[in-house]
Amino acid sequence: MMMTGLHTVADIFCVKCGSIVGWTYETAHEKNQKYKEGKSVLERYKLSGPDGSSYWVSHEAQLIRREQEEV
């Protein structure tokens, strides 16, 4: 049971270290949640890039990027 209702999920794990890094929705049991079936969620703070750096982007960096895109 999740906050949005009953779902059947499966873990997504790293094939290198075996850590669980997210989940995929296999079945949504409520009609208004069916759009989630087959979709996946990766927890960004659990991932790292090929160089070992984090994929986490700070809120400030996102704001700066948006401002640059608007110019």
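## A walk through the chain

Following the sequence from start to end, the protein chain shows the pattern β-β-β-α. That adds up to one helix and three strands, where helices (H or I, at least four residues) and strands (E, at least two) are DSSP runs numbered from the N terminus. Keep in mind that this is a predicted model, in which local features need pLDDT of at least 70 and side-chain atom pairs count only at pLDDT 80 or more, while totals for chains, interfaces and linings use all residues. Residues are numbered from 1 along each chain as its sequence is written, and side-chain values use heavy atoms, with hydrogens and water left out.

Let's begin with the surface. The protein chain exposes about 5,900 Å², and carbon and sulfur atoms supply 57% of it; such areas come from the Shrake-Rupley method with a 1.4 Å probe, and for residues only the protein chains shown count as cover. Of the 71 residues, 14% count as buried. Buried means under 20% relative accessible area, exposed means over 50%, and partly exposed lies in between (1.4 Å probe, protein chains only).

Now meet Thr4, in the segment before strand E1 (7–13). Thr4 is partly exposed, with a relative accessible area of 37%. Which residues does Thr4 contact, leaving aside its neighbours within four places in sequence? They are Glu30, Gln33 and Lys36, where contact means heavy atoms within 4.5 Å. Thr4 and Ala28 are 24 residues apart in sequence, yet 9.6 Å apart in space, C-alpha to C-alpha.

Next come two cysteines. A disulfide is a covalent bond between the sulfur atoms of two cysteines. Here the rule is a pair of cysteine sulfur atoms within 2.5 Å, and by this rule the count is zero disulfides. Cys14 is in no disulfide, as the nearest cysteine sulfur, that of Cys17, is 3.7 Å away. Cys14 is partly exposed at 24% relative accessibility, whereas Cys17 is exposed, at 55%.

Both cysteines turn up again in the lining of the largest pocket, together with Lys16, Ser19, Val21, Lys46, Leu47 and Ser48. On a 1 Å grid over the protein atoms alone, a pocket is an open set of points with protein on both sides within 12 Å along at least five of seven lines, and lining residues have an atom within 4 Å of a point. The lining divides into four nonpolar, two polar and two charged residues; Ala, Val, Leu, Ile, Met, Phe, Trp, Tyr, Cys and Pro count as nonpolar, Asp, Glu, Lys and Arg as charged, and the others, Gly among them, as polar.

Note on methods:
On a 1 Å grid over the protein atoms alone, a cavity is a set of points where a 1.4 Å probe fits but cannot get out, and a pocket is an open set with protein on both sides within 12 Å along at least five of seven lines; lining residues have an atom within 4 Å of a point.
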